[in-house]
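Got your viewer open? Load the model below, and we'll walk through it one selection at a time.

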Amino acid sequence: MSKSAKSSFDPMNNPFMDPKTNPFLDPEKNPFLKGDFAKMFQGFEAPNMTGITETQRKNMEALTVANKTAAEGVQAIIKRQSEIMKNTMDEANAALQELQTKGVSTPDTTASIDQVKTTIETSVRNMRELSEMMVKSQSEAFDIVNKRFVESLDELKSAMSKISK
């Protein structure tokens, strides 16, 4: 095994660490190096971490509930779409069986037009129902997040009023 090459970096001869060449390390030029940090931070109170962590916990809970609500909404929409698809296929099969029993020799245009009209009305009604379900689900999730946001602002306002007193 060969020995690894020695590093050319020598911290003792680094010009950036020398107060003569780096004014930030010169106590005469940098006021922060002269000061007593204990005096600087005397009277300074650390933030209440309990309040901060409690606020973040509430935020995460609200997001969890909002995500659960949104997921349940999506599941309900998918379930309803499956029901609609099944009903559509059942109706199509029934229409095909009816067509087979009547025969194709005498097309009934009035019945065909009525069937197309019914199909279009049902499709529009189903699309409206699905879009209303989606809006409801999204609104519920948004309301949860919005409520928590308002509560969070109230908590911040209360915390700031305690600090200013």
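Before you click anything, keep one rule in mind: a salt bridge here is a side-chain nitrogen of Lys or Arg within 4 Å of a carboxyl oxygen of Asp or Glu. By this rule the count comes to 11 salt bridges, and we'll stop at some of them. As background, side chains of opposite charge can pair when their charged atoms come close.

A word on what you're looking at: this is a predicted model, where local features need pLDDT of at least 70, side-chain atom pairs count only at pLDDT 80 or more, and totals for chains, interfaces and linings use all residues. Residues are numbered from 1 along each chain as its sequence is written, and side-chain values use heavy atoms, with hydrogens and water left out.

**Stop 1: the whole chain, as cartoon**

Colour by secondary structure and you'll find four helices and zero strands, running α-α-α-α from the N terminus on. Helices (H or I, at least four residues) and strands (E, at least two) are DSSP runs, numbered from the N terminus.

Now zoom out. The C-alpha trace spans about 105 × 65 × 30 Å along its principal axes. The radius of gyration is 36 Å, whereas a compact globule of 165 residues would have one near 15 Å. That figure is taken over C-alpha atoms, and the globule rule is 2.2 Å times the number of residues to the power 0.38.

Switch on a surface. About 14500 Å² is exposed, with carbon and sulfur atoms supplying 62% of it; accessible areas come from the Shrake-Rupley method with a 1.4 Å probe, and for residues only the protein chains shown count as cover. Buried residues make up 13% of the 165, where buried means under 20% relative accessible area, exposed over 50%, and partly exposed in between (1.4 Å probe, protein chains only).

What about contacts, meaning heavy atoms within 4.5 Å? Of those with a separation of 6 or more, 62% are between residues 24 or more positions apart.

**Stop 2: select 49-102**

This is helix α3, with 54 residues. From its first C-alpha to its last it reaches 79 Å, close to the 80 Å expected at 1.5 Å a residue; the expected span is 1.5 Å times one less than the number of residues.

Which residues of α3 are buried? Show T55, N59, A62, A66, T69, G73, I77, R80, I84 and A95 as sticks.

Next, pick out two pairs within this helix. E61 and R57 meet in a salt bridge (2.2 Å, N to O). They sit four residues apart, about one turn of the helix. E61 is partly exposed at 42% relative accessible area, and R57 is partly exposed too, at 36%.

Further along, E72 forms a salt bridge with K68, the closest N and O atoms being 3.9 Å apart. Here again the two residues are four apart, about one turn of α3. K68 is exposed, at 54%, while E72 counts as partly exposed, at 41%.

**Stop 3: select 109-164, then R148**

You've now got helix α4, home of R148. Is R148 buried or exposed? Its relative accessibility is 6%, so R148 counts as buried. Leaving out residues up to four places away in sequence, R148 touches T55, K58, N59, A62 and E155. Of these, T55, N59 and A62 are among the buried residues of α3.

**Stop 4: add K58 and E155**

The side chains of E155 and K58 meet in a salt bridge (3.2 Å, N to O). E155 lies in helix α4 and K58 in helix α3, so the pair ties together parts that are 97 residues apart in sequence. Both are partly exposed: E155 at 23% and K58 at 31%.

Add K147 and E151 to the selection as well: K58, K147, R148, E151 and E155 are linked in a network of salt bridges.

**Stop 5: S139 and A76**

S139 is in helix α4 and partly exposed, at 34%. Draw a C-alpha to C-alpha distance from S139 to A76: 15 Å in space, for residues 63 apart in sequence.

**Stop 6: a nonpolar patch**

Finish with F149, V150, L153, L156, M160 and I163, which make a nonpolar surface patch of about 600 Å². Patches are made of residues with over 30% relative accessible area and no salt bridge, where like charges are joined within 9 Å and nonpolar side chains (Val, Leu, Ile, Met, Phe, Trp, Tyr) within 5 Å. Click on I163, in helix α4: I163 is exposed, with a relative accessible area of 64%.

Definitions and conventions. Contact = heavy atoms within 4.5 Å.
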